[in-house]
Amino acid sequence: MLTARLTNANVVTMDPAHPVAHDIGIWNGRVVGLDDAVTGLPAREVVDLQGATVLPGFIDSHVHLAWAGLKAATPSVAPCTRAEDVLAVVARAAAERPPGAWVDIAGYDQRALGRHLTAAELDGVGGGRKIFMLHDSGHGCVVNSAVLDLLPASAAEGGGFLAESAMTAARRLRLPYSQEELADAIERAGRQCLAEGITACAEAGIGGGLLGHSPVEAGAYQLLRDQGRLPLRVQLMAAGDTLRPVAAHAGDGIPRALDLGLRTGFGDDWLSVGALKIYTDGGMMARTAALTSPYVGTDTSGELQDTPERITDLIVDGHLAGWQLAVHAIGDRAADLALDALERAQRLRPRPEARHRIEHAGLIRPDQLPRFAALGVAAVVQPNFLRYFGDDYATVMGPERAPWMYRGRGFLDHGVSLVGSSDRPVTDGSPLRAVQFMVERASLSGRAIGPAEAVTVDEALYAYTAAGARACHWEHAAGTVSAGKRADLVVLGDDPRRVETSRIGGIEVVATYVDGVRTTHPGAP
């Protein structure tokens, strides 16, 4: 007997062998068949979906759940546009903390103010407490003198704004968070993902790097798993700096590894180890993405996270140790470095099925597209960056480069796997709103950004389902509604392929199923 049968549905399977269906049979958390194969079978529960559209559960291939959950519970200065309003928020937050304590502030973006705040300004409202105000990009922060005093003298040169490695040094003074605190944050963010139809995600860097929250961060996810509180399936990317030299057998050719040699693929259907996350540069919001030519109106071209030699060595060592690599590269100069290093790694030890990824691929020149294809590298993009920040990004890139940002059609036409993601909480995490941008290529103001990079609705949905599954090595169990795969599904109030493009982002997420079980989330009937 079936556990359940969903009937009278408009099932968009994303499986070319059976593209549409009306009935789904579920047993023991898996899809056992579609349409005539299951329509006549008895089921414990029959759910009449009354024509609602069903898709495979969305896969967000690049998120930061702990950061998102912590941010949601942290005092925020968004959407303040005046320095005095920001400082008032900081003053209230500081007053609630004991003397000498850390005060975390979220929502900071210098673009809203027209300049960066300074340590001196924070000193005036911090009451001697340690103020740490994280930039929304995750690539910078503003701190006060109480924090600068704990860092090398050179840290004070920026007046309180710290970017990239300097920010990391400041964060490490604050860390680690407790596993209970992280677990609560992860669960909070995970439930928001479910409300948006996301059933699986890749956590983009734990244990170190820019955004690690604890050296034992994976334990927070295991705690949730053990307690039955993990809301959705999670693949954990280890931060590149968690690798260390190992005395492995010479024949293994493994120069650096995690303890015990753990690498991509370890785990189960709910919690597993994914790619090794390696940073090459910063971000466009903080103007630290590494470009070959300066940002318009400035003399800066961004920065690399380390020397090219050390970044290359880490990429090569991760490849030799058997990892799938997720290389953060936003600017075109950073992408050059990433592609060169991946090419060198594949030369030393060919691994055609490694499925290495470049995270963000924010500014990719036309000459770089064939290199992605030749190396079999996936582009894991965040379309909502341009939906929400596109006016600013297009301005600082200028008319020649703006069409190269967060490409769609260019990747697909070159045979490059296009994978959708959000980088939650840097911006809105809704896959449907991202799909809308991928099709219309318009920012919220209506500004067209690289319209030639538009893709079809089907191609955009594929990026958040089947392509995401393949990028995470989940294609055997996820990404399509097919017999034998997990019954991870999203039920929508309308069909994204049939409504006007401008309405896609507003389609209601009626229900989300994980393992064939309907989950509860805010706003669900």
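This is a guided tour of one protein chain, to be followed with the structure open in a viewer.

**The whole chain**

Before selecting anything, keep in mind that what is on the screen is a predicted model. Show the chain as a cartoon, and you will be looking at 17 helices and 24 strands. Taken along the principal axes, the C-alpha atoms fill a box of roughly 75 × 55 × 50 Å. A compact globule with 525 residues would have a radius of gyration near 24 Å, and the chain has 23 Å, so the chain agrees with that expectation.

If you now switch on a surface, its accessible area comes to about 19,600 Å², of which 53% belongs to carbon and sulfur atoms. Of the 525 residues, 61% count as buried. When contacts between residues at least 6 apart in sequence are considered, 74% of them join residues at least 24 apart. Colouring by charge brings up 49 positive and 62 negative charges, and the mean positions of these two groups are 2 Å apart.

**Stop 1: Met-14**

Select Met-14, which you will find in the loop between strand 2 (10-12) and strand 3 (20-21). Its phi is near 65 degrees, a positive value in a residue other than glycine. Is Met-14 buried or exposed? With a relative accessibility of 11%, Met-14 falls under the 20% cut-off and therefore counts as buried.

**Stop 2: Pro-176**

Move on to Pro-176, in the loop that runs between helix 7 (165-174) and helix 8 (179-195). Display the backbone atoms here, since the peptide bond joining Leu-175 and Pro-176 is cis, with omega at about 0 degrees.

**Stop 3: Leu-232**

Next select Leu-232, which sits in the loop between helix 9 (218-226) and strand 14 (233-239). Leu-232 has a relative accessible area of 1%, so it is buried. Which residues does Leu-232 touch, once those up to four places away in sequence are set aside? Its partners include Leu-65, Gly-190, Cys-193, Leu-194 and Trp-270, and among them is also Cys-201. Draw a distance between the C-alpha atoms of Leu-232 and Cys-201, and you should find 7.6 Å, although the two residues are 31 residues apart in sequence.

**Stop 4: Arg-287**

Continue to Arg-287, whose place is in the loop between strand 17 (271-279) and helix 10. Show the side chains of Arg-287 and Asp-392, which are joined by a polar contact of 2.8 Å. Beyond the neighbours within four places in sequence, Arg-287 is also in contact with other residues, including Arg-111, Tyr-295, Thr-300, Gly-302 and Val-396.

**Stop 5: Thr-312**

From that loop, step into helix 10 (residues 308-320) and select Thr-312, which lies within this helix. Where does the side chain of Thr-312 reach? It comes to the backbone oxygen of Pro-308, at 2.8 Å. Thr-312 also touches Leu-337, Ala-341 and Arg-344, when residues up to four places away in sequence are left out. Because its relative accessibility is 12%, Thr-312 counts as buried.

**Stop 6: Pro-425**

Now go to Pro-425, in the loop between strand 21 (418-420) and helix 15 (431-440). Here again the backbone deserves attention, for the peptide bond from Arg-424 to Pro-425 is cis, with omega near 10 degrees.

**Stop 7: Ala-460**

Select Ala-460, which belongs to helix 16 (residues 457-463). How is Ala-460 classed, buried or exposed? At 0% relative accessibility, Ala-460 counts as buried. Leaving aside residues up to four places away in sequence, you can bring up its contacts by showing Val-435, Met-438, Val-439 and Val-455. Then add Gly-408, which is 52 residues apart from Ala-460 along the chain, and note that the C-alpha atoms of the two are separated by 8.6 Å.

**Stop 8: Asp-515**

The tour ends at Asp-515, in the loop between strand 23 (509-514) and strand 24 (517-518). Like Met-14, whose phi is positive, Asp-515 is a residue other than glycine with a positive phi, in this case near 55 degrees. The relative accessible area of Asp-515 is 28%, and since that value lies between 20% and 50%, Asp-515 is described as partly exposed.

Key. Residues are numbered from 1 along each chain as its sequence is written. This is a predicted model: local features need pLDDT of at least 70, side-chain atom pairs count only at pLDDT 80 or more; totals for chains, interfaces and linings use all residues. Side-chain values use heavy atoms; hydrogens and water are left out. Helices (H or I, at least four residues) and strands (E, at least two) are DSSP runs, numbered from the N terminus. Buried means under 20% relative accessible area, exposed over 50%, partly exposed in between (1.4 Å probe, protein chains only). A polar contact is a pair of N or O atoms within 3.5 Å; within protein, one must be able to donate a hydrogen and the other to accept it, and residues adjacent in sequence count only if both atoms are side-chain atoms. Contact means heavy atoms within 4.5 Å. The radius of gyration is taken over C-alpha atoms; the globule rule is 2.2 Å times the number of residues to the power 0.38. Accessible areas come from the Shrake-Rupley method with a 1.4 Å probe; for residues, only the protein chains shown count as cover. Lys and Arg count as positive and Asp and Glu as negative; His and the chain ends are not counted. The place of a charge is taken as NZ of Lys, CZ of Arg, CG of Asp or CD of Glu.
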